[in-house]
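User: Could you take a close look at a single part of this model for me? I'd like one connected account, with the cut-offs spelled out as they come up.

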Amino acid sequence: MIAQRISLNNLLAVVLTLAAAAYVGWKVSQAPNQAIQFAFNGLSVGAVYALLAIGFTLVYSTVWFFDLYYGAAAALGAYGVFYLRSQETLGGLYAVNNIVVNVLFAAVTAGVVAWALHASVYPRLRSRLQPTVLRGMLGLLAAGAGVYTGVVLTFPQELHVILSPVLGIGIAVGATWFLYQAFQGLVAGRVLLALVAVSGVAAAALGAYCGYFVFNAPESKLYLSWGVSCMLAGVVGLALYRGLYVYMRERSRSPLIMLVASLGILLAMTAFTSIVFESTPRPLPEALGSEPWTFAGATIKGFNVFTVGVALAGFLFLLYLLQYTSFGMAVRAIGDDEEVSKVVGINTTTVIAAVFFIGAVYAALAGILSGHDTAIQPRMGLLLLLKGWIASVVGGIGNLHGAILGGFVLGMIEQFGIWDLAGEWRDVISFVLLILFLSFWPRGLLPRK
Amino acid sequence: MRILTWKRVILLAALALLASLVIACGGDAEMDAEKDMEEAALPPFKIGVMESLTGPGETYGTVSSQAKQMAVDEINAAGGINGRMLELVIEDSKCSAQDAITAYNKLTDVDGVKIILGTSCSGAMLGAAPLAEADGVVLFSGLATNPDIANAGDYIFRTALSDALLGIDMGNVMWTDGIRTLATISETTDYAEGVRRTSVAQFENRGGGVVAEERYGSDTTDFRTQLTKLLGENPDALLIAAQSEFTGGTIIKQVRELGYEGPIYSDIVPVGATALEIAGDAATGTKAVLTDISPNNAKGQEVLANFRERYDYVTLAWFIGSAYDDVYITAECLKQTDDDQDADGIRDCLYAITWTGAIGENYTFDENGEVVGLSNVVVEILPVAERTEENQGYKVLGSAPTE
């Protein structure tokens, strides 16, 4: 009986797929140029969906609940860029700088940095320094980070100047650490120390040069604002996790309660965005690659190619992180069984916090790229969230490879699906696809192992 | 029994509170009235304003309400009307019939106005017009252009030119330029749909054909799929009828990004300052049929200069002039009737008036409340480098050709 039903399901699915393929094949043979154009459009939107689905998959397959803040993070990222850049660009039509927003984000950043320091640095230095001195120092650091964020948000015209020292120091530290990791496998002992010391000087020079370069490059402000927005979205994600989800997870194990709570957050943040920026769509300033390139009678913007590249790079980075680092191992362990991970000594709170941060950064990046490609509006968060979710269902929920595949597949189907329908049907097609997949292939194209 | 006693105590306390509030408020009101009587012997004339201050029509709604405020301040600075000040009560009608009705009810019920200047969107105008007509409230718009407004009623006036005229001009311009096949993309609003319908009707009258048409909702941001479909039909030209500057500008940008190099025609909205900022160089060469304040119109240029000085920007110049004239025309009628509650008097005055203001000379209103004596012009968008605040980004090619 069951076997019969499954075979019926399969049969129906095969028939549907064949019908769709035949239809698309027929349309393609009718107008090949237009088909290529649709494919390019599908790639452009698919890359954004893929990016969303990747980050979504990371968070979902670790904590197993739908964090709807994810959508708000996408909108936050896009509006962050708008907030930082709209005063100078776009003819100054949309100048907006709100002291309440600046103070709010400064406070959130200070709180998150304080917690991060408390969770990472405090336990290690506790035995060496007096607790009061240590607390005071860390508190000062956190307050400094808060004030710095406030300054960045208040003076977006000077973004390149304000960020250049931090960028330089960050690059120097990052390069030293990278070289240290690289040398570690080759040599040991004093030779290693000497090598690191030498390379540290070189890294410092590199950092200084980069900082100086940014200092003198006002045109880099747009891209710096991308970084700032992603960081802010990540910081807010962290704050929500540490300030809300941790307690909720302790009290109730039901993912449904978390879902409702995060829905509340999504709606509240959408309303907040509408209040600060108004609810109508807005453009983002021109980014790189606005020139259209023509291939075989169809055109694609350089920026869209860049977006596809970002999606692929984001995928590879996450793949590397999950498969080849100890952090990734911890993430996968938590995804398999959180209790046992705790028992074997993984600091689950910190690891999950990092996962939330990365997830929010991915969402923000997707929001920014989509915003530059088309436009931004407060409810874009919900739309992107739904598309990211559909993409991960199509690809196979919880599977990273499935997520990127699902993103591009969804993008393509959306485009080709409305060939003979009016444009308004695009979202309907996405949801029909979702229903079909939930009915016939609930585990998606590439099921999680 | 005990519970009952408690209830009574609470009830009594509540009653006492209410009574004290009533007394306190009554006292305040009396005092306020006395104060008003002392301060000004004559209360100001109150007229309502409804414009789309937020939402898709915010650009022109905002310009329009700012121009009206400027006109009112000028009138008041010059001593008011018959010694009485003029006061605007401004409400946001967004760009929808529903919000316009809410705003209308607030203005008539709460503020008790009998003259309303507005509103900016045709859909909103068509929503509020039946109510105004039934209540005998004058509804006087500087911006709403849908042809159906002509027959909306006896109390409905406008200085905006009907889309029927715009459509005829647009159809003729496209035909004269040698366009034979057309693709259209329009926003699903009363105004944009009106522009599309009337333009296409005239274009088809002349012998042209529409090969593809697409429609979109006001909050759409990605038009590439729809545009790809339109371009797949290889039309001679693309006609854009948009309600919001944002979508108009975005369509122009995205269609050029898709590699389209043919001509683009549009109404005034996709060539507003915001739309041009979004579209950038993609908009260069776009032809639009619109109403414009001629450089030779001294009064109009003076108003624009004052507007720029006051608000530090100018966009949609004709809308500024139109809104500005509406206030002065109303002020002239108020001078004659000397009563802001006499809607019938104002209506009769409007039917009889001949006005020379910022948007033109010696224009009048016909029996439908439609403005007579103004006309459209054809403009072409300049390259980004040549766009200035003075030329608003376009050069005027002249009046629209006729058959």
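Analyst: Happy to help: here is a walk through chain B, from its overall make-up to its sheets and then to its contact with chain A. This is a predicted model, in which local features need pLDDT of at least 70 and side-chain atom pairs count only at pLDDT 80 or more, while totals for chains, interfaces and linings use all residues. Residues are numbered from 1 along each chain as its sequence is written, and chains are lettered from A, ligands numbered from 1, in the order in which they are written.

Let's start with the whole chain. Chain B contains 12 helices and 15 strands (DSSP runs numbered from the N terminus: H or I of at least four residues for helices, E of at least two for strands). It has 403 residues, and 53% of them count as buried (20 or more other C-beta atoms within 10 Å of the residue's own; 12 or fewer is exposed, in between is partly exposed; C-beta atoms are placed from the backbone). Take the contacts of chain B between residues at least 6 apart in sequence: 68% of these join residues at least 24 apart (contact: C-beta atoms, placed from the backbone, within 7 Å).

Now to the parallel sheet. Five strands of chain B make up this open sheet, in the order 2-1-3-4-5 (strands pair if DSSP finds at least two bridges between them). Which strands form its edges? They are strand 2 (86-92) and strand 5 (156-158) of chain B, each of which pairs on one side only. On average, neighbouring strands in this sheet are turned by 25° against each other, direction ignored. At the strand 5 edge, strand 4 (residues 138-141) of chain B runs parallel to strand 5 of chain B, and three bridges join the two. Here Phe140(B) has Phe157(B), in strand 5 of chain B, as its bridge partner.

This sheet also carries a helix. Helix 11 (residues 317-337) of chain B packs on it and touches strand 1 (45-51), strand 2, strand 3 (115-118) and strand 4 of chain B. The direction of helix 11 of chain B makes about 165° with that of strand 3 of chain B (axes are lines fitted to C-alpha atoms, for helices over the stretch in contact; angles run from 0 to 180 degrees between N-to-C directions).

Further along the chain comes an antiparallel sheet. It is open, with three strands of chain B in the order 11-12-13. Strand 11 (354-355) and strand 13 (371-372) of chain B each have a single partner strand, so one side of each is left without a neighbour in the sheet. Two bridges link strand 11 of chain B to strand 12 (residues 363-365) of chain B in the antiparallel sense. Trp355(B) has Tyr363(B), in strand 12 of chain B, as its bridge partner.

Finally, how does chain B meet its neighbour? In this contact, 25 residues of chain B face 26 residues of chain A. On the chain A side, helix 2 (32-63), strand 1 (292-295) and strand 2 (298-301) of chain A are the elements that give two or more residues. Helix 2 of chain A provides the largest share, four residues. By class, the chain A side has 10 nonpolar, 11 polar and five charged residues (nonpolar: Ala, Val, Leu, Ile, Met, Phe, Trp, Tyr, Cys and Pro; charged: Asp, Glu, Lys and Arg; polar: the others, Gly among them).

Definitions and conventions:
Two residues are in contact if their C-beta atoms, placed from the backbone, lie within 7 Å.
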